[in-house]
Amino acid sequence: MSQTHPFKPIFDKNSKILILGSFPSVVSRKFGFYYANPQNRFWRVLAEILNTNVPESTDEKIKFLLSHHIAIYDAAISCEIESSSDAKMSKIVPINLKPIFKTAKIEQVYANGGKAYEICKKYLEDEIIKATKNEVIKLPSTSPANAKFSLEKLTCEWKVVAETPKGG
């Protein structure tokens, strides 16, 4: 079934890092915010690598991201998707990154998982490199579907986000 991305990107003028997922899950679309499935490890991994408490409410999550200079969005603005399966995504329309790159000084873009990375490489790579002078970096998906990665292994791989210099 064709879906259009239901929420706005989270960023401000101080954002230095952009994390792109593929497309919101059924649970996230239902609850109206990114990574709303309690089985998704996104918020736990970020809290762990940034040495802070896991944000609970939507407002806490937004404050958490912005206080750490992190922007989030998804690589597809619309697509055909079955359930929440990245493997079943088709007819992908990539997002428009211009408003984010125009406002924020994004220095590095990370893809949360293989599908997000694939969409970035196929549709967004030139724009990302032009804006950041860096290629997108693929990180293992925090999705519960990525069962081969334990929370500890994800945290280890995602440490690179916390280590990204956030210069002026």
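## Helix α5, helix α6 and the core

Lys121 is partly exposed in this predicted model, its relative accessible area coming out at 29% (under 20% is buried, over 50% exposed and anything in between partly exposed, using a 1.4 Å probe on protein chains only). The side chain of Lys121 meets that of Glu125 in a salt bridge, at 2.3 Å from N to O (the term asks for a side-chain nitrogen of Lys or Arg within 4 Å of a carboxyl oxygen of Asp or Glu). Lys121 and Glu125 are about one helical turn apart, because they sit four residues from each other in helix α5 (helices, H or I of at least four residues, and strands, E of at least two, are DSSP runs numbered from the N terminus). Salt bridges with shared partners then link Lys121, Glu125 and Glu135 into one network. Residues are numbered from 1 along each chain as its sequence is written, and side-chain values use heavy atoms, with hydrogens and water left out. As the model is predicted, local features need pLDDT of at least 70 and side-chain atom pairs count only at pLDDT 80 or more, while totals for chains, interfaces and linings use all residues.

Four salt bridges turn up in the structure. One of them pairs Lys98 with Glu127, with 3.9 Å between the closest N and O atoms. Lys98 belongs to helix α4 (residues 98-103) and Glu127 to helix α5, so this pair ties together parts that are 29 residues apart in sequence. Lys98 counts as exposed, at 56% relative accessibility. Another bridge joins Lys115 to Glu118, where the closest N and O atoms are 3.1 Å apart. Both of these residues lie in helix α5, three residues apart, or about one turn of the helix. Their surroundings differ in label: Lys115 counts as buried at 15% relative accessibility, whereas Glu118 counts as partly exposed at 42%.

Helix α5 itself is not straight. Its end C-alpha atoms span only 21 Å, whereas a straight helix of 19 residues would cover 27 Å at 1.5 Å a residue (the expected span is 1.5 Å times one less than the number of residues). A kink of about 85° is centred on Leu124 (the bend is the angle between axes fitted to the seven residues ending at a residue and the seven starting there). Leu124 is also one of the buried residues of α5, along with Lys115, Ala116, Ile119, Cys120, Ile128 and Thr132. The cover over these buried residues includes β2, β4 (76-80), β5 (90-94), α4 and β6. Just after α5 comes Lys133, which has a positive phi, near 65°.

Tyr123 is another resident of α5 (residues 114-132), and is partly exposed at 36% relative accessible area. Neighbours within four places in sequence aside, Tyr123 is in contact with Ile92 and Pro94 (contact means heavy atoms within 4.5 Å). The C-alpha atom of Tyr123 is 9.6 Å from that of Ala76, although 47 residues separate the two along the chain.

What about the cysteines? The whole structure was searched and zero disulfides were found (pairs of cysteine sulfur atoms within 2.5 Å). Cys79 is in no disulfide, and the nearest cysteine sulfur, on Cys120, is 14 Å away. Both are tucked out of reach of the probe for the most part: Cys79 is buried at 1% relative accessible area, and Cys120 is buried at 0%.

Helix α6 (residues 151-163) behaves as expected in length, since 13 residues at 1.5 Å each should span 18 Å and the end C-alpha atoms are 18 Å apart. A kink of about 35° is nevertheless present, centred on Glu157. Leu154, Thr155, Trp158 and Val161 are the buried residues in α6, and the buried side packs against β2 (17-21), α2 (42-49), β3 (70-74), β6 (108-112) and β7 (137-139). Thr155, at 9% relative accessible area, touches Val45, Glu48 and Ile49, leaving out residues up to four places away in sequence.

Nonpolar side chains tend to be buried together in soluble globular proteins. Here, the largest nonpolar core has 48 residues, among which Leu18, Ile19, Leu46, Trp158 and Val161 touch the most other members (a core is a set of buried Ala, Val, Leu, Ile, Met, Phe, Trp, Tyr and Cys residues joined through side-chain atoms within 4.5 Å). Beyond four places in sequence, the contacts of Leu18 include Ala71, Ile72, Tyr73, Leu97, Ile100 and Phe101, as well as Ile106, Gln108, Val109 and Tyr110.
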